[in-house]
Amino acid sequence: MHGLALRHGDRMLSPKDTISRLGGIARGTRLQQFGISRQTLANQVRAGAIVRLRPGVFAVPPIAPSLREAIAHGGALTCASVLRAHGVWVLPPADGLHVWLAPGQHALSHRGCTCTSHYYSGDPPLGEASIEIALVHLYKCAGAEAFFAAFESAWNLGMLSTRTRMRVRAALPNRARWLVDLAQPDADSGLESLLRLRLHLLGIRLDCQVTIHGVGRVDFVIAGRLIIEADGKGNHEGELRHKDLVRDAAASRLGYETLRFDYAQIVHDWATVQAAILGALVRLEVPL
(Lines give C-alpha, C1' and ligand atoms only; values in the text may rest on other atoms or scores of the structure.)
Protein backbone atom coordinates (compact mmCIF):
# COMPACT_ATOMS: atom_id res chain seq x y z
CA MET A 1 0.00 0.00 0.00
CA HIS A 2 2.82 2.37 0.95
CA GLY A 3 4.75 1.46 -2.15
CA LEU A 4 1.77 2.24 -4.36
CA ALA A 5 1.34 5.60 -2.64
CA LEU A 6 4.87 6.55 -3.57
CA ARG A 7 4.77 5.58 -7.24
CA HIS A 8 4.41 8.03 -10.09
CA GLY A 9 2.98 6.30 -13.11
CA ASP A 10 4.88 3.04 -13.42
CA ARG A 11 8.15 4.19 -11.88
CA MET A 12 9.26 4.60 -8.28
CA LEU A 13 9.76 8.12 -7.02
CA SER A 14 13.32 9.27 -6.44
CA PRO A 15 14.64 9.48 -2.85
CA LYS A 16 14.15 13.24 -2.99
CA ASP A 17 10.54 12.91 -4.14
CA THR A 18 9.86 10.17 -1.61
CA ILE A 19 11.18 12.27 1.28
CA SER A 20 9.12 15.23 0.03
CA ARG A 21 5.97 13.07 0.03
CA LEU A 22 6.78 12.03 3.61
CA GLY A 23 6.88 15.64 4.79
CA GLY A 24 10.41 16.69 3.85
CA ILE A 25 12.19 14.69 6.56
CA ALA A 26 12.41 10.91 6.87
CA ARG A 27 14.34 8.17 8.59
CA GLY A 28 16.48 5.88 6.49
CA THR A 29 14.66 2.83 7.87
CA ARG A 30 11.39 4.27 6.56
CA LEU A 31 12.88 4.94 3.14
CA GLN A 32 14.24 1.42 2.94
CA GLN A 33 10.65 0.17 3.18
CA PHE A 34 10.16 1.70 -0.26
CA GLY A 35 13.16 -0.07 -1.74
CA ILE A 36 15.64 2.80 -1.35
CA SER A 37 18.98 1.33 -0.31
CA ARG A 38 21.57 2.86 2.02
CA GLN A 39 23.95 3.15 -0.90
CA THR A 40 21.37 5.08 -2.92
CA LEU A 41 20.84 7.46 -0.02
CA ALA A 42 24.60 7.97 0.36
CA ASN A 43 24.91 8.69 -3.36
CA GLN A 44 22.06 11.21 -3.20
CA VAL A 45 23.68 12.97 -0.22
CA ARG A 46 26.98 13.23 -2.13
CA ALA A 47 25.11 14.61 -5.13
CA GLY A 48 23.43 17.27 -2.96
CA ALA A 49 19.90 16.10 -3.80
CA ILE A 50 19.20 15.35 -0.13
CA VAL A 51 20.98 16.10 3.16
CA ARG A 52 21.80 13.88 6.11
CA LEU A 53 20.74 15.70 9.29
CA ARG A 54 22.10 13.04 11.60
CA PRO A 55 22.90 9.35 11.14
CA GLY A 56 19.79 7.72 9.72
CA VAL A 57 17.75 10.91 9.17
CA PHE A 58 17.49 12.62 5.77
CA ALA A 59 15.79 15.74 4.44
CA VAL A 60 15.18 17.66 1.24
CA PRO A 61 16.99 21.03 1.23
CA PRO A 62 16.57 23.81 2.04
CA ILE A 63 15.86 23.19 5.70
CA ALA A 64 15.59 25.85 8.41
CA PRO A 65 18.78 26.11 10.48
CA SER A 66 16.80 25.76 13.73
CA LEU A 67 15.17 22.54 12.52
CA ARG A 68 18.49 21.19 11.28
CA GLU A 69 20.11 21.88 14.67
CA ALA A 70 17.26 20.35 16.69
CA ILE A 71 17.40 17.15 14.67
CA ALA A 72 21.19 17.07 14.94
CA HIS A 73 20.70 17.35 18.72
CA GLY A 74 18.62 14.17 18.54
CA GLY A 75 15.11 15.49 19.09
CA ALA A 76 12.37 17.81 17.90
CA LEU A 77 12.11 21.59 18.08
CA THR A 78 9.67 22.62 20.81
CA CYS A 79 8.72 25.14 23.48
CA ALA A 80 9.62 28.80 22.82
CA SER A 81 11.52 27.90 19.64
CA VAL A 82 8.43 26.50 17.87
CA LEU A 83 6.15 29.28 19.13
CA ARG A 84 8.47 32.09 18.01
CA ALA A 85 8.91 30.45 14.61
CA HIS A 86 5.13 30.66 14.11
CA GLY A 87 4.83 34.28 15.23
CA VAL A 88 3.50 33.61 18.74
CA TRP A 89 4.44 36.21 21.38
CA VAL A 90 6.89 34.62 23.83
CA LEU A 91 8.10 36.22 27.06
CA PRO A 92 11.47 34.51 27.71
CA PRO A 93 14.45 35.97 25.85
CA ALA A 94 15.92 34.01 22.97
CA ASP A 95 18.28 31.61 24.76
CA GLY A 96 19.19 29.01 22.16
CA LEU A 97 17.02 26.27 20.75
CA HIS A 98 14.62 24.26 22.89
CA VAL A 99 14.68 20.59 21.89
CA TRP A 100 12.32 17.83 23.00
CA LEU A 101 14.00 14.53 23.88
CA ALA A 102 12.30 11.41 25.13
CA PRO A 103 12.94 10.38 28.76
CA GLY A 104 16.16 8.39 28.95
CA GLN A 105 17.30 9.62 25.56
CA HIS A 106 20.76 11.15 25.24
CA ALA A 107 21.39 14.38 23.39
CA LEU A 108 23.71 14.01 20.43
CA SER A 109 26.91 16.00 20.18
CA HIS A 110 26.99 18.54 17.35
CA ARG A 111 29.04 21.59 16.48
CA GLY A 112 28.19 24.88 18.23
CA CYS A 113 25.44 23.36 20.39
CA THR A 114 23.50 25.90 22.46
CA CYS A 115 20.37 23.77 22.76
CA THR A 116 18.20 23.47 25.86
CA SER A 117 17.16 19.83 26.24
CA HIS A 118 13.61 19.09 27.45
CA TYR A 119 13.17 15.50 28.64
CA TYR A 120 9.39 15.20 28.45
CA SER A 121 7.13 12.20 28.02
CA GLY A 122 5.93 11.15 24.60
CA ASP A 123 7.62 10.37 21.33
CA PRO A 124 9.23 13.46 19.76
CA PRO A 125 8.38 13.71 16.06
CA LEU A 126 10.88 14.29 13.31
CA GLY A 127 11.01 18.05 12.95
CA GLU A 128 9.00 20.11 15.40
CA ALA A 129 6.33 19.72 18.06
CA SER A 130 2.80 20.95 17.43
CA ILE A 131 1.72 24.34 18.77
CA GLU A 132 -0.33 22.72 21.54
CA ILE A 133 2.56 20.56 22.73
CA ALA A 134 4.95 23.51 22.49
CA LEU A 135 2.61 25.52 24.75
CA VAL A 136 2.54 22.76 27.36
CA HIS A 137 6.33 22.49 27.20
CA LEU A 138 6.59 26.29 27.60
CA TYR A 139 4.56 26.09 30.82
CA LYS A 140 6.93 23.45 32.16
CA CYS A 141 9.97 25.42 31.03
CA ALA A 142 9.11 29.06 31.77
CA GLY A 143 6.08 29.08 34.06
CA ALA A 144 2.59 30.52 34.24
CA GLU A 145 3.14 34.05 32.91
CA ALA A 146 5.05 32.95 29.83
CA PHE A 147 2.47 30.26 29.11
CA PHE A 148 -0.50 32.60 29.56
CA ALA A 149 0.89 35.29 27.23
CA ALA A 150 1.81 32.73 24.56
CA PHE A 151 -1.53 30.93 24.87
CA GLU A 152 -3.51 34.15 24.36
CA SER A 153 -1.23 35.12 21.45
CA ALA A 154 -1.69 31.76 19.72
CA TRP A 155 -5.45 31.98 20.24
CA ASN A 156 -5.51 35.52 18.85
CA LEU A 157 -3.62 34.29 15.78
CA GLY A 158 -6.27 31.62 15.13
CA MET A 159 -4.01 28.68 16.00
CA LEU A 160 -6.12 27.17 18.80
CA SER A 161 -9.47 25.55 18.12
CA THR A 162 -11.84 24.79 20.99
CA ARG A 163 -10.67 21.17 21.03
CA THR A 164 -7.02 22.20 20.97
CA ARG A 165 -7.53 24.57 23.91
CA MET A 166 -9.19 21.81 25.87
CA ARG A 167 -6.35 19.40 25.11
CA VAL A 168 -3.82 21.98 26.28
CA ARG A 169 -5.85 22.50 29.46
CA ALA A 170 -6.01 18.77 30.13
CA ALA A 171 -2.25 18.44 29.68
CA LEU A 172 -1.50 21.10 32.31
CA PRO A 173 -1.24 20.31 36.02
CA ASN A 174 -4.54 20.81 37.87
CA ARG A 175 -3.14 23.89 39.62
CA ALA A 176 -2.51 25.63 36.26
CA ARG A 177 -5.76 24.95 34.38
CA TRP A 178 -7.32 28.21 35.56
CA LEU A 179 -4.91 30.00 33.19
CA VAL A 180 -6.75 28.53 30.20
CA ASP A 181 -10.11 29.40 31.78
CA LEU A 182 -9.02 33.03 32.25
CA ALA A 183 -7.56 33.42 28.75
CA GLN A 184 -9.27 35.40 26.00
CA PRO A 185 -8.57 35.66 22.25
CA ASP A 186 -8.55 39.47 22.00
CA ALA A 187 -5.09 40.38 23.33
CA ASP A 188 -3.12 42.22 20.64
CA SER A 189 0.20 41.62 22.39
CA GLY A 190 1.73 39.60 25.17
CA LEU A 191 2.07 42.79 27.20
CA GLU A 192 -1.70 43.04 27.39
CA SER A 193 -1.85 39.42 28.54
CA LEU A 194 0.72 40.05 31.28
CA LEU A 195 -1.12 43.15 32.49
CA ARG A 196 -4.44 41.33 32.69
CA LEU A 197 -2.99 38.29 34.44
CA ARG A 198 -1.06 40.30 37.02
CA LEU A 199 -3.97 42.63 37.80
CA HIS A 200 -6.31 39.63 38.02
CA LEU A 201 -4.04 38.26 40.77
CA LEU A 202 -4.51 41.59 42.61
CA GLY A 203 -8.27 41.21 42.35
CA ILE A 204 -8.60 44.02 39.79
CA ARG A 205 -11.00 43.39 36.92
CA LEU A 206 -10.34 44.93 33.52
CA ASP A 207 -12.50 45.37 30.48
CA CYS A 208 -10.36 44.46 27.46
CA GLN A 209 -10.22 46.08 24.02
CA VAL A 210 -12.85 48.71 24.79
CA THR A 211 -14.08 51.13 22.13
CA ILE A 212 -14.75 54.62 23.53
CA HIS A 213 -16.64 57.05 21.31
CA GLY A 214 -14.38 59.96 20.48
CA VAL A 215 -11.25 58.11 21.58
CA GLY A 216 -11.19 54.80 19.72
CA ARG A 217 -10.23 51.35 20.93
CA VAL A 218 -8.12 51.17 24.07
CA ASP A 219 -6.37 48.18 25.60
CA PHE A 220 -8.04 48.19 29.04
CA VAL A 221 -10.49 50.13 31.15
CA ILE A 222 -10.81 49.71 34.91
CA ALA A 223 -14.05 50.67 36.62
CA GLY A 224 -15.08 52.85 33.69
CA ARG A 225 -12.55 55.48 34.77
CA LEU A 226 -8.96 54.39 34.18
CA ILE A 227 -7.54 53.59 30.73
CA ILE A 228 -4.40 51.49 30.56
CA GLU A 229 -2.41 51.18 27.34
CA ALA A 230 0.48 48.78 26.69
CA ASP A 231 2.63 50.48 24.05
CA GLY A 232 4.76 47.57 22.89
CA LYS A 233 8.51 47.01 22.72
CA GLY A 234 9.45 50.18 20.86
CA ASN A 235 8.77 53.75 21.87
CA HIS A 236 6.02 55.61 20.06
CA GLU A 237 7.56 58.52 18.23
CA GLY A 238 6.57 61.09 15.65
CA GLU A 239 3.12 60.65 14.18
CA LEU A 240 2.25 57.69 16.43
CA ARG A 241 3.20 59.65 19.53
CA HIS A 242 1.07 62.58 18.34
CA LYS A 243 -1.93 60.27 17.84
CA ASP A 244 -1.47 58.89 21.36
CA LEU A 245 -1.48 62.42 22.82
CA VAL A 246 -4.62 63.33 20.86
CA ARG A 247 -6.37 60.18 22.14
CA ASP A 248 -5.28 60.85 25.71
CA ALA A 249 -6.59 64.42 25.55
CA ALA A 250 -9.93 63.21 24.17
CA ALA A 251 -10.14 60.61 26.94
CA SER A 252 -9.39 63.24 29.60
CA ARG A 253 -12.19 65.45 28.25
CA LEU A 254 -14.55 62.51 28.79
CA GLY A 255 -13.40 62.03 32.38
CA TYR A 256 -10.87 59.23 31.94
CA GLU A 257 -7.32 59.08 33.26
CA THR A 258 -4.83 57.30 30.97
CA LEU A 259 -1.71 55.41 31.99
CA ARG A 260 0.72 54.16 29.33
CA PHE A 261 3.43 51.57 29.91
CA ASP A 262 6.04 50.19 27.55
CA TYR A 263 7.68 46.78 27.24
CA ALA A 264 10.57 47.53 29.60
CA GLN A 265 8.27 48.80 32.35
CA ILE A 266 5.85 45.87 32.21
CA VAL A 267 8.46 43.15 31.86
CA HIS A 268 11.34 44.54 33.93
CA ASP A 269 9.82 47.09 36.34
CA TRP A 270 6.43 45.70 37.31
CA ALA A 271 6.59 47.12 40.86
CA THR A 272 6.53 50.66 39.45
CA VAL A 273 3.67 49.82 37.06
CA GLN A 274 1.62 48.24 39.85
CA ALA A 275 2.19 51.22 42.15
CA ALA A 276 1.13 53.66 39.41
CA ILE A 277 -2.11 51.76 38.71
CA LEU A 278 -3.01 51.40 42.39
CA GLY A 279 -2.24 55.08 42.98
CA ALA A 280 -4.50 56.12 40.10
CA LEU A 281 -7.35 53.96 41.41
CA VAL A 282 -7.02 55.62 44.83
CA ARG A 283 -7.13 59.11 43.23
CA LEU A 284 -10.19 58.10 41.22
CA GLU A 285 -11.77 56.71 44.40
CA VAL A 286 -12.21 53.27 42.87
CA PRO A 287 -12.74 50.63 45.58
CA LEU A 288 -9.96 48.03 45.69
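**Exercise 1.** Is Arg169 buried, partly exposed or exposed, and what is its relative accessible area?

*Solution.* First, the basis. This is a predicted model, where local features need pLDDT of at least 70 and side-chain atom pairs count only at pLDDT 80 or more, while totals for chains, interfaces and linings use all residues. Residues are numbered from 1 along each chain as its sequence is written, and side-chain values use heavy atoms, with hydrogens and water left out.

Next, the cut-offs: buried is under 20% relative accessible area, exposed is over 50%, and partly exposed is in between (1.4 Å probe, protein chains only). Arg169 has 26%, so Arg169 is partly exposed.

**Exercise 2.** Find the salt-bridge partner of Arg169 and place both residues.

*Solution.* A salt bridge is a side-chain nitrogen of Lys or Arg within 4 Å of a carboxyl oxygen of Asp or Glu. Arg169 pairs with Asp181 at 2.9 Å, N to O. Arg169 sits in helix α9 (residues 162–171) and Asp181 in helix α10 (residues 178–182), so the bridge ties together parts 12 residues apart in sequence. Helices (H or I, at least four residues) and strands (E, at least two) are DSSP runs, numbered from the N terminus.

**Exercise 3.** Describe the bridge between Asp207 and Arg205.

*Solution.* The N to O distance is 2.7 Å. Asp207 is partly exposed at 30%. Arg205 is exposed at 61%.

**Exercise 4.** Trace the salt bridge of Glu229 and its network.

*Solution.* Glu229 bridges to Arg247, with the closest N and O atoms 2.7 Å apart. Strand β11 (residues 226–230) holds Glu229 and helix α12 (residues 238–253) holds Arg247, so parts 18 residues apart in sequence are tied together. Glu229 is buried, at 6%. A salt-bridge network links Glu229, Asp231, Asp244, Arg247, Asp248 and Arg260.
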